[in-house]
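This report describes the surroundings of a ligand and then turns to a patch on the protein surface. The sequence and the structure are shown first.

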Amino acid sequence: MPSMLDAVVVGAGPNGLTAAVELARRGFSVAVFEARDSVGGGARTEELTLPGFRHDPCSAAHPLGINSPAFRAMPLDRYGLEWLHPDLPMAHPFTDGTAAVLSRSVAETAASFGPRDAGPYRRLVEPFLAKWDTLARDFMSLPLTALPRDPVTLARFGLAGLPPATWLMRRFKDERARTLFSGLVAHVMAPLDGFATGAIGLVFALAAHARGWPVARGGSQSISDALTAYLKDLGGTVHTDYEVKRLDDLPPARAYIFDTSPTALARIAGFGNYYEGYRYGPGVFKIDYALDGPVPWTAPEARRAGTVQIGGNTAEIDAALRAASREGRAPDKPFMITVQPGVADPGRAPEGKQVFWAYGHVPNGWTGDLTDAIERQLERFAPGFRDLVLARATAGPAELAIRNANYVGGDIGSGAASGIQLLLRPKLSLFPYTTPHPAVYICSSATPPGPGVHGMSGHNAAKAVWRRLRQEP
Ligand SMILES: Cc1cc2nc3c(=O)[nH]c(=O)nc-3n(C[C@H](O)[C@H](O)[C@H](O)COP(=O)(O)OP(=O)(O)OC[C@H]3O[C@@H](n4cnc5c(N)ncnc54)[C@H](O)[C@@H]3O)c2cc1C
């Protein structure tokens, strides 16, 4: 290691690794320090239950990863990353045994909503889909780390997406489209009537039509391993088992980039109350299952989908979100996101078996056990599910926060996705990646564009760093 590094990154999650790669490929010397014994943060794979069952403890489906402008500009396929597509990106089953689907095809998606909503859905997504790559780059670079390439489309997207999702959903007449769309918004745990929640649903839908919601062959760890291998080829170094508690723990560097929560950064760098106004959102209760076979969904479409959303209707989803985020209690009928990677990647489990995960939202720091409520919900849409369970690994807010310090109180988004904080985080600032210390930056999902495995927070923060480093003598 040189006596003075250009940059030190704290945390080897997707954003930390992306920031490190972006700097290394521009010729800067970089070292990464990670608290855990392996890289990955929220993109990792472990045998959590039984031998041969390879679970993704955190992220599993990657609409934002495959659509990420940062990842797409890197040769990650050469380092082992392969996206595998399920037949359907996502299905949302109903209690009558049918399902609405989010397909690669806009037509198939629209048809699953029924005749009255097919047209409105096409008219909503098709104009944006035609310009998706530019829109994704412009949207993920907000607040303006780069000039928008297509400001007109970005403004139109803002008009559609900045109002609450409940406004946008008024154009749908039937419950099928509304329920699927509510579920998309709920992926980032935002209440449906919140500012800019329409944009969340739109981004997930457009991402599906543009490039799908794939899983990574072998598990999400392969995303992190590919980033790490690329970084090492570029001359960067990675140090695991190294929890950073103070700035003094780190070697001398011209810039320090933190892939941590704002709270941890304030403690480590001595920023006092600088991030005091930053709010954390609800937590999740997650279960990883080893199953004796595929999930017995009643709706055939759900058996073909990588991701399956569980929530009877819009009212039920809204009630679940409100319970966890506003009423301080666990929902009776949790809204759930479930992923069955084996639909696209059978190698995750021994022959004939499956790995499967499900999580529901609970209040931040909640200490109860949601297992029964989760499995009651699953039995509604997949009767006989419980009979297939070979083993389960449960993790509530406390366990999630132990696994990864960024999940404060079990908030897997590292900050509430509500109000203006959905777009401007961790401070109300046009320079979210900078901090009170001129050499210290933050790049975690507590910064725009927020949660998800896409590396764009790391990319944007790295851009702020390389611009400064190049100006210095
Ligand atoms: C249950 C669950 C399911 C999810 N599902 C999906 C999904 O399907 N698709 C998707 O796109 N996203 C999903 N996500 C979200 C996604 O995982 C995160 O948004 C993403 O990982 C954030 O990346 P990051 O780099 O900002 O932080 P993280 O991935 O959280 O990485 C931060 C890293 O910093 C390390 N660190 C923290 N403090 C220190 C310290 N003091 N010293 C050294 N190292 C430190 C941590 O150990 C960690 O490795 C899910 C998350 C969870 C928990």
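In this predicted model, a polar backbone atom of V244 lies 3.0 Å from a nitrogen atom of the ligand. Of the ligand's 1000 Å² exposed when taken alone, the protein buries 94%. Oxygen atoms of the ligand also have polar partners, N15 through its side chain and A60 through its backbone. The table sets out these contacts.

| Residue | Protein atom | Ligand atom | Distance |
|---|---|---|---|
| V244 | polar backbone atom | nitrogen | 3.0 Å |
| N15 | side-chain N or O | oxygen | 2.8 Å |
| A60 | backbone N or O | oxygen | 3.1 Å |

The shell around the ligand holds 36 residues, and those that come nearest are E34, G42, D259, N404 and G452. Sorted by class, this shell comprises 18 nonpolar residues, 13 polar ones and five charged ones. At least two residues of the shell are supplied by each of α1 (14–24) and β12 (354–362). With three residues, α1 provides the largest share.

A separate topic is the protein surface. There, a nonpolar patch is formed by L162, F195, I420 and L428, and together these residues have about 380 Å² of accessible area. One member of the patch, F195, is located in the loop that runs between α9 (175–186) and α10 (197–211). The relative accessible area of F195 is 32%, so this residue counts as partly exposed, a class that lies between buried, under 20%, and exposed, over 50%. The value for F195 also meets the requirement of over 30% for membership of a patch.

Key:
Residues are numbered from 1 along each chain as its sequence is written. This is a predicted model: local features need pLDDT of at least 70, side-chain atom pairs count only at pLDDT 80 or more; totals for chains, interfaces and linings use all residues. Side-chain values use heavy atoms; hydrogens and water are left out. Patches are made of residues with over 30% relative accessible area and no salt bridge: like charges are joined within 9 Å, nonpolar side chains (Val, Leu, Ile, Met, Phe, Trp, Tyr) within 5 Å. Accessible areas come from the Shrake-Rupley method with a 1.4 Å probe; for residues, only the protein chains shown count as cover. A salt bridge is a side-chain nitrogen of Lys or Arg within 4 Å of a carboxyl oxygen of Asp or Glu. Helices (H or I, at least four residues) and strands (E, at least two) are DSSP runs, numbered from the N terminus. Buried means under 20% relative accessible area, exposed over 50%, partly exposed in between (1.4 Å probe, protein chains only). A residue is near a molecule or strand if one of its heavy atoms lies within 4 Å of it. A polar contact is a pair of N or O atoms within 3.5 Å; within protein, one must be able to donate a hydrogen and the other to accept it, and residues adjacent in sequence count only if both atoms are side-chain atoms. Ala, Val, Leu, Ile, Met, Phe, Trp, Tyr, Cys and Pro count as nonpolar, Asp, Glu, Lys and Arg as charged, and the others, Gly among them, as polar.
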